[in-house]
Amino acid sequence: MQVYFDNSATTKPCEAAVKSALEVMTEEYGNPSSLHIKGFSASKILESSRGVIAKSLFCEPDCIYFTPCGTVSNNTAVFGAANLMKRRGKKIVTTAIEHPSVSACMDKLSSEGFEVVRVSPDKNGEIALEKFEDEIDGDTILVSLMAVNNETGAVLPFDKIKKIITKKKSPALLHVDAVQGYMKINIKPERCGVDLMSVSAHKVHALKGAGALYIAKGVKIKPHILGGGQEGNICSGTQAMPNIAAFSAAVKELGNDERRAEKVRELNEYIRRELMKIEGVCINSPKSACDYILNISLKGIPSQVSVNYFSQKGIYVSAGSACSKGHRSDALVSMGLPSERIDSAVRISFCPQNTKDEADYFINSVKTAFSELSKK
Ligand code: PLP
């Protein structure tokens, strides 16, 4: 049996995505900036894809800018906002559990003289709104936080931050890295006053090589990537049309599965319940976490040993975050968990196609992991 429980690292592209990409590669291969018929048809596909992504984020198409991935969306948003706003202040408020595509930008901004404040989660992995309230002030020019943490699934209060910014009379722009929350939890950037929001295609059953940045109407950022001025000069470079078409096809298809959230919730609840019966298993994800991610520790078994053991059984999971090979989980460290628990952590992450049979096979393999690996 093959069980893919690493959907937060990347997802299997759906058939509709693959079909769309192939069609664009073989038939509609024009450059959307070209001024001839092939160019016009590519441009039509580009704009209809923009419309689909906009609809999924409940906004107008002209708020969506295509990028090559979530990382580029995050870099564009963070550097673009900080560089535009630097005359108005130096303070940036973010969290200690951001993905490296935000935290590395913060390191760089900090080395350039910005005052970067990183709020930490509590021992459950949650970050209370008050922590942001304590830090956001009149000098804050940017607040950047993720919607859903990629390691624990913790949901951050991104939808309530704008009220604080307004209350504190802060000029800050609000950026949300929604790469792990998009199409999984309720995300409506316009309604909650988000200025900039990053999403990525390969986390939603499309292909690697496309992402998008939402920019609220009237919000300006300084372009970070310079070139031919594509995507409203926000992200220059010829658009990766097969990937963009696949992105749109996958989002459309996922949107049609109205029961997806329920299916994943049932699966997560079942696995949590069964795992809690096994001696030596600790659940690291908060109770309120997004159902798509479950972080657990298997007492006495180093993370990489578990990952290899499961992999040999055809079960694919992650040790912490797949983007930070061999690196200790920032989220678990900043939660203050004991090192034995951090070093034995495994992240399992789901999609609506995962089944109860797969869950049973995984649960059984956790039991055999304890009996077989502790013998050695
Ligand atoms: N942000 C978060 C929260 C992520 O989990 C990831 C990838 O895992 C990214 C950003 C980067 O996205 P991409 O892989 O599309 O560059």
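The exercises below, each with a worked solution, concern a predicted model.

**Exercise 1. The ligand and its shell**

Determine which residues come nearest to the ligand, and describe the polar contacts and the burial that accompany them.

Solution. Begin with the shell, which holds 15 residues, of which Thr-71, Asp-177, Gln-180, Ser-200 and Lys-203 come nearest to the ligand. Sorted by class, the shell has 4 nonpolar, 9 polar and 2 charged residues, and its largest share, 3 residues, is supplied by helix α3, which spans residues 70–85.

Next, take the polar contacts one at a time. A nitrogen atom of the ligand lies 2.7 Å from an N or O atom in the side chain of Asp-177, while an oxygen atom of the ligand lies 2.8 Å from a backbone N or O atom of Gly-70. The side chain of Gln-180 also takes part, with an N or O atom 2.8 Å from an oxygen atom of the ligand. Finally, consider the surface: the ligand taken alone exposes 390 Å², and the protein buries 93% of that.

**Exercise 2. Strand β7 and its partners**

Establish how many residues of strand β7 are buried, and then work out how β7 is joined to β6 and to β8.

Solution. Strand β7 covers residues 196–200, and because 5 of its 5 residues are buried, the strand is largely enclosed by the rest of the structure. In a regular strand the side chains alternate between the two faces of the sheet. The two faces of β7 can accordingly be examined separately: Leu-196, Ser-198 and Ser-200 lie on one side, Met-197 and Val-199 lie on the other, and all of them are buried. Ser-200 has a second role, since it is one of the residues that come nearest to the ligand.

Turning to the pairing, β7 and strand β6 (residues 173–177) run in the parallel sense over 3 bridges, and within this pairing His-175 has Leu-196 as its bridge partner in β7. The pairing of β7 with β8 is antiparallel and rests on 5 bridges; here the bridge partner of Leu-196 in β8 is Ile-215. Leu-196 therefore appears in both pairings, as the partner of His-175 and of Ile-215, while being one of the buried residues of β7.

**Exercise 3. Strand β10 and the loop residue Asn-149**

Describe the surroundings of strand β10, and then identify which residues Asn-149 contacts beyond its neighbours within four places in sequence.

Solution. Strand β10 comprises residues 293–298, and as 6 of these 6 residues are buried, β10 is largely enclosed by the rest of the structure. Ile-293, Asn-295 and Ser-297 point one way from the strand, whereas Leu-294, Ile-296 and Leu-298 point the other way. Strand β9 (residues 281–283) pairs with β10 in the antiparallel sense over 3 bridges, with Ser-297 as the bridge partner of Cys-282. Strand β12 (residues 345–349) is also antiparallel to β10, and 5 bridges join the two, one of the partnerships being that of Leu-294 with Ile-348.

The next step moves to Asn-149, which is found in the loop between β5 (140–146) and α6 (161–167). Its relative accessible area is 0%, so Asn-149 counts as buried. The side chain of Asn-149 reaches the backbone nitrogen of Glu-151 at 2.9 Å, and, with neighbours within four places in sequence left aside, Asn-149 is in contact with Ile-97, Ala-154, Ile-293 and Ala-331. Of these, Ile-293 belongs to β10.

**Exercise 4. The loop between β8 and α7, and two positive phi values**

Decide whether Ser-236 is buried or exposed, and then locate and compare the settings of Asn-233 and Lys-169.

Solution. Ser-236 lies in the loop between β8 (211–215) and α7 (241–256). With a relative accessible area of 11%, under the 20% limit, Ser-236 is therefore buried. A polar atom of its side chain lies 2.8 Å from the backbone nitrogen of Gly-229, and one lies 3.2 Å from the backbone nitrogen of Gly-227. Beyond residues up to four places away in sequence, Ser-236 touches Ile-225, Leu-226, Gly-227, Gly-228, Gly-229 and Gln-230.

Asn-233 is also found in the loop between β8 and α7. Most residues other than glycine have a negative phi. The phi of Asn-233, however, is positive and near 70°, and Asn-233 is partly exposed at a relative accessible area of 33%. Lys-169, in the loop between α6 and β6, has a positive phi of about 50°, and at 73% relative accessibility Lys-169 counts as exposed.

Note on methods: Residues are numbered from 1 along each chain as its sequence is written. This is a predicted model: local features need pLDDT of at least 70, side-chain atom pairs count only at pLDDT 80 or more; totals for chains, interfaces and linings use all residues. Side-chain values use heavy atoms; hydrogens and water are left out. A residue is near a molecule or strand if one of its heavy atoms lies within 4 Å of it. A polar contact is a pair of N or O atoms within 3.5 Å; within protein, one must be able to donate a hydrogen and the other to accept it, and residues adjacent in sequence count only if both atoms are side-chain atoms. Accessible areas come from the Shrake-Rupley method with a 1.4 Å probe; for residues, only the protein chains shown count as cover. Ala, Val, Leu, Ile, Met, Phe, Trp, Tyr, Cys and Pro count as nonpolar, Asp, Glu, Lys and Arg as charged, and the others, Gly among them, as polar. Buried means under 20% relative accessible area, exposed over 50%, partly exposed in between (1.4 Å probe, protein chains only). Contact means heavy atoms within 4.5 Å. Two strands pair if DSSP finds at least two bridges between them.
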